[in-house]
Amino acid sequence: MSVKPTAGKPVIMIIVDTLMDAPLNEAIRAGMAPAIDFLIKNGTYSPGLVAPFPTMSVNVDTTLLTGTYCDQHKIPGLVWFNKKENRLINYGSHYRELFKLGVVKAVEDLLFNLNQSHISREVRTLHEDLYRQRFNSASINALVFRGNTPHFLDLPKMLGRFTPLSRRRPVYAPAIFSYGRFSKLNESWRNQHFWQKAGVNDSSSVQQFSHLVKENKLPPFTIVYLPDLDQRIHKYGRLDRVGIEKADKQLQKILGLFGDWEKALELNQWIIMGDNGQAWVHSNRNHAVIDLRKLLSPYKIMRLRKGPRTGDQIALAVNDRMAYIYTLNEEKELIEDIAMLLTGDNRVDVIAWKNGRQIKVRSGGIGGEIRFQPGGVLQDQYGQLWELEGNMEILDLSVKDNRVQYGLYPDALARLYSCLHSHEGEFLAVSARPGHEFAGEGSPVHLGGAGHGGLHEQDSLVPLIVSGTESLPEHMRIVDLKRWVLSLITKSVYDSESTKDS
Ligand SMILES: [Zn+2]
């Protein structure tokens with residue numbers, strides 16, 4: 001078999017971090033997003049693509065690339081407690097927290113461990129699947145990139161001097177791999193400095209992508225990550241249009257690389273999407289922030305800098321509007337007690353934990369509980385089967401004729417189930433109502449802005465724009481995209497080869 005890697009129409013997937021439907025529509029109406037407008041007018045627009053839970057980039061991107069939820073790919077969130085290593089993992093939620101955990105460990109977790117050891121080997125990434133079918137692929141500024149080709153990161157000497165981080169330790173990524181200043185396609189240092197987020201920024205992503213196009217090296221699949229919008233939404237809130245205008249300017253540059261926009265469409269298949277939404281956050285700190293240390297003050301909570309010590313009862317892993325609460329001594333009774341405490345705060349939206357084979361869910365401000373497990377006769381819109389009982393109001397579910405309908409919490413059952421089976425340990429997963437964020441020790445908050453991580457639709461729904469192909473995924477969930485993208489690539493090669501034959 002000899003497959004010509006550039007035979008088909010290349011698939012270009014552009015992830016605009018925190019692209020959301022409402023502000024996008026506003027921006028388009030105001031003429032601030034002409035490139036996206038063009039792609040929508042010449043393609044298909046779907047406003048409600050469902051992100052996995054927790055709605056944090058590392059989980060979302062791993063789900064996107066592996067086509068599995070975190071019960072299979074094993075990345076539970078940005079921050080989580082790793083029982084095997086007996087420590088809190090943090091891929092970089094905030095520099096203050098990083099200093100407490102130790103910067104070096106965080107850099108090592110993000111640059112090496114996330115892709116090379118934390119993502120399960122039982123699942124394959126899109127890049128790995130393409131490699132098996134002898135297709136090349138490219139990853140530009142994506143956090144999750146596991147592939148088959150060894151690359152050596154350009155680590156600053158300063159880091160190497162104090163740490164065991166080795167310049168001789170390879171990371172395995174797709175053949176074409178760019179990751180900030182650590183791995184570049186374009187030699188230039190413009191946009192790559194540490195004060196420019198070490199090159200993980202929109203301008204750098206476009207600069208690297210341009211290099212690929214200009215050198216005529218565009219592979220059958222390229223993923224380009226535009227990270228900048230996320231921070232603007234955190235700061236200015238859900239309806240920030242200026243951030244979208246800026247992202248669109250980058251897209252205009254990308255489309256422009258092919259001559260004109262029509263040509264860009266003719267030559268490629270385009271997928272533009274968000275990775276998670278964000279929910280609004282109150283401006284008043286006392287009201288906005290759910291301080292888990294206060295709420296759980298009856299218990300001895302692990303200190304970040306010290307790690308687990310004798311006498312510590314619980315550990316917190318705060319993922320913005322979502323948090324994991326662990327019992328360190330495996331005391332099962334403690335879980336119910338903690339859940340009880342949490343239901344007393346009506347800012348806590350969803351409180352979930354494993355109880356044998358069942359998942360139990362309670363809520364602050366709503367009485368009763370839901371118990372569910374996979375299997376049974378109730379079917380949801382994704383064809384998943386469930387056994388389900390209790391107060392449906394908690395997850396805004398409606399059940400009729402053996403069909404489960406989701407309301408404010410898209411794909412709630414599978415997303416909660418996967419989150420609670422994503423890693424070892426006795427823990428609860430909690431999600432905040434819109435308007436609120438969780439805080440532990442040193443957690444960042446975004447008063448008057450927005451945050452994510454939660455199960456709510458505000459955190460969970462992102463738009464998907466597809467142009468240059470008629471094909472669409474089977475279901476509008478990020479977990480369903482991998483299979484579809486593979487079909488776009490293999491089909492396009494097949495098409496062009498069959499036209500050659502005729
Ligand atoms: Zn964010």
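## Exercises on a predicted model

H3 is the biggest giver to the lining of the largest cavity, with 3 residues. Keep in mind that this is a predicted model. Let's work through it piece by piece.

**Exercise 1. Find which residues line the largest cavity, and which elements supply at least two of them.**

*Solution.*
- Start with the count: the structure holds 1 cavity of 30 Å³ or more.
- Then the space: the largest cavity has about 40 Å³ in it.
- Now walk around its lining, where you meet Ile 15, Asp 61, Leu 64, Leu 65, Ala 142, Val 144, Ile 223 and Tyr 225.
- Finally, match residues to elements: helix H3 (57–66) and strand E9 (221–226) each bring at least two residues to this lining.

**Exercise 2. Work out what coordinates the zinc ion and how its donors are spaced along the chain.**

*Solution.*
- List the donors: Asp 230 appears twice, through OD atoms, and is joined by His 234 (NE2) and His 452 (NE2), at 2.1 to 2.6 Å.
- Check the geometry: the angles among the 4 donor atoms run from 53 to 155°, and the site is irregular. Tetrahedral would need all angles between 85 and 135 degrees.
- Read off the spacing, which is D-x3-H-x217-H.
- Look at the short gap: Asp 230 and His 234 sit about one helical turn apart because they are 4 residues apart in helix H10 (residues 228–236). An α-helix has 3.6 residues a turn, so residues three or four places apart point the same way.
- Buried or exposed? Take Asp 230 and His 234. Asp 230 has a relative accessible area of 10%, and His 234 also comes out at 10%. Buried means under 20%, so Asp 230 is buried and His 234 is buried too.

**Exercise 3. Explain why helix H2 counts as largely enclosed.**

*Solution.*
- Count first: helix H2 (residues 34–41) has 8 residues and 6 of them are buried, so the rest of the structure largely encloses it.
- Name the buried ones: Ala 35, Ile 36, Asp 37, Phe 38, Leu 39 and Ile 40.
- See what they pack against: helices H1 (21–29), H11 (241–256) and H12 (261–267), plus strands E2 (43–50), E10 (269–273) and E24 (461–467).

**Exercise 4. Pick out the residues with the most contacts inside the largest nonpolar core, then follow Leu 395.**

*Solution.*
- The largest nonpolar core has 93 residues, and Met 13, Met 273, Val 361 and Leu 395 have the most contacts inside it.
- Leaving aside residues up to four places away in sequence, Leu 395 touches Val 350, Val 361, Ile 370, Tyr 409, Leu 413, Leu 416 and Leu 455.
- A second, separate core has 40 residues, including Ala 138, Leu 218, Leu 255 and Ala 264.

Terms used:
Residues are numbered from 1 along each chain as its sequence is written. This is a predicted model: local features need pLDDT of at least 70, side-chain atom pairs count only at pLDDT 80 or more; totals for chains, interfaces and linings use all residues. Side-chain values use heavy atoms; hydrogens and water are left out. A nonpolar core is a set of buried Ala, Val, Leu, Ile, Met, Phe, Trp, Tyr and Cys residues joined through side-chain atoms within 4.5 Å. Buried means under 20% relative accessible area, exposed over 50%, partly exposed in between (1.4 Å probe, protein chains only). Contact means heavy atoms within 4.5 Å. Donors are N, O and S atoms within 2.8 Å of the metal (3.2 Å for Na, K and Ca); water is not among the atoms, so sites may look incomplete. Four donors count as tetrahedral if all angles lie between 85 and 135 degrees; four count as square planar and six as octahedral if opposite donors are over 155 degrees apart and all others between 65 and 115; anything else is irregular. On a 1 Å grid over the protein atoms alone, a cavity is a set of points where a 1.4 Å probe fits but cannot get out, and a pocket is an open set with protein on both sides within 12 Å along at least five of seven lines; lining residues have an atom within 4 Å of a point. Grid points are joined across faces, edges and corners, and a volume is the space filled by probe spheres set on the points.
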